Amino acid sequence: MIDYKKLAAKGVQKLNPYIPGKPISELEREMGIANIIKLASNENPLGSSPLAIQAMQNTLKEIELYPDGNGFELKKALAAKHDIDMDCITLGNGSNDVLVLLAEAFLSADMNAVYSQYCFAVYPIAVQAVGAVHKQIPAMGWDTDSPLGHDLDAMLAAIDDKTRLVFVANPNNPTGNHLSEVELKSFIRKIPEDVIVIVDEAYLEYSSIDEQVDASKWLKEFSNLVVTRTFSKAYGLAGLRVGYALSNTAIANVINRIRQPFNVNSLALVAAESAIGDIEFLEKSLFENDKGIKILEQTCEKLSLRYVPSKGNFLLIDFEKDAADIYMSLLKSGIITRPVANYGLPNCLRITIGTTDQMHRLDKAMENVCG
Ligand SMILES: *Cc1c(COP(=O)(O)O)cnc(C)c1O
């Protein structure tokens, strides 16, 4: 047979495909065990808002109709939430979708994008898929003030006249580290106006309101700023695929040129709109996450394992030896975690914060494996 990979565009041939967390059903099939918990994909252990589920049930009755391609009602709710014009919002099939759209709209083979080592795996895929050059800047070391964090000075130094996009996730996945308001804002201020800086805030909701570094408040100040958000994490709607970008209207118009006309489905539109209004569910999610992360931190301290201080719903833990065996042992006890060797972190696992009960079960399993 022909080597079809060789026929693919050069950037596509070179990229490392995304490796998702193992689904519960797959582990059930493979090992025939019950009572599995998945702590691998930063999903919400509390499920999702009952208001969102009700809204979807009502919408099922008219599922033969195309969705509202402009997402009017959801955009209206988001505009109110962010105190921003509706024309500044681009909806996506997950924020993954808007990240890819940004790369497609602003990059070509002679352009480059800048981001940090240990960044979210979707950035290099999006950039390489369009054949652009990626500049992955070495992260800070473990023994710095910002273990495995972005080296902002080095990222700034890497920007040249061919740079179109800069990606920063705050907090970052898979590491969990985060930049302060001062650090992030002074970084954005130093970026030339013709370079678009994308601040990915997928985990913002896991900080309490007074601690959130919310770059969307600076959109009027920086015309080259794009902020992305998602309903997949704290809002508990990962399976629906809905996220969005906030930007000035000119950038939103560019992305909209290539967006699929119905990229967000009807169920996702109504569920996300309802979820925004369910403050109670969001607060409960944050509260449970705070409790769970403390339990996992204590487990790590007890077992003398270092971890990156995290403002997300996960912890990156360093086992200081190949973590593949630990991953397998945890799997056998019915706990799915996330290997991050593909991120260049073979000694680490990324573990999502579950319920208190799940964190206690993980504590026992980790003690058995590492104690
Ligand atoms: C999970 C995650 C997203 C969200 O992806 P969706 O496509 O919205 O589900 C975006 N950025 C980062 C850094 C993430 O970890």
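**Close-up views of a predicted model**

**View 1. Residues surrounding the ligand.** In this predicted model, the ligand is surrounded by G94, S95, N96, F120, N173, D200, A202, Y203, T230, S232, K233 and R241. Sorted by class, this shell comprises 3 nonpolar, 6 polar and 3 charged residues.

**View 2. Polar side-chain atoms beside the ligand.** A nitrogen atom of the ligand lies 2.6 Å from a polar atom in the side chain of D200, while an oxygen atom of the ligand is placed 2.6 Å from a side-chain N or O atom of S232. For K233, the corresponding distance between an N or O atom of the side chain and an oxygen atom of the ligand is 3.3 Å. Taken on its own, the ligand has 390 Å² of accessible area, of which the protein covers 93%.

**View 3. S232 and its setting in the loop.** S232, one of the residues around the ligand, belongs to the loop that runs between β7 (225-230) and β8 (243-246). Its relative accessible area is 7%, and S232 therefore counts as buried, since the cut-off for that class is under 20%. Besides the 2.6 Å distance from its side chain to an oxygen atom of the ligand, S232 makes a side-chain polar contact of 3.4 Å with R241, which is itself listed among the residues around the ligand.

**View 4. S208 and its side-chain partner.** S208 sits in the loop between β6 (196-200) and β7. With a relative accessibility of 26%, S208 is classed as partly exposed, because this value falls between the limits of 20% and 50%. The side chain of S208 is joined to that of D210 by a polar contact of 3.0 Å. Between S208 and V340, which are 132 residues apart along the chain, the C-alpha atoms are separated by 28 Å.

**View 5. G334 and I36, brought together from separate parts of the sequence.** G334 is located in the loop between α13 (324-332) and β11 (335-336), and its relative accessibility of 1% places this glycine in the buried class. Although G334 and I36 are 298 residues apart in sequence, their C-alpha atoms are 4.5 Å apart in space.

**View 6. A nonpolar patch on the surface.** The residues M1, I2, Y4 and L7 form a nonpolar surface patch, and together they have about 570 Å² of accessible area. Within this group, Y4 is found in helix α1, which spans residues 4-7.

How values were computed. Residues numbered from 1 in each chain as written. Predicted model: local features only at pLDDT ≥ 70, side-chain atom pairs only at ≥ 80, totals over all residues. Heavy atoms only, no water. Near = heavy atom within 4 Å. Polar contact = N/O pair within 3.5 Å; in protein donor to acceptor, adjacent residues only side chain to side chain. Areas by Shrake-Rupley, 256 points an atom, 1.4 Å probe, with all protein chains shown as cover. Nonpolar A, V, L, I, M, F, W, Y, C, P; charged D, E, K, R; others polar. Patch = residues over 30% accessible without salt bridge, like charges linked within 9 Å, V, L, I, M, F, W, Y side chains within 5 Å. Salt bridge = Lys/Arg side-chain N within 4 Å of Asp/Glu carboxyl O. Helix = DSSP H or I, 4+ residues; strand = E, 2+ residues; numbered from the N terminus. Buried < 20%, exposed > 50% of the residue type's maximum accessible area, 1.4 Å probe, protein only.
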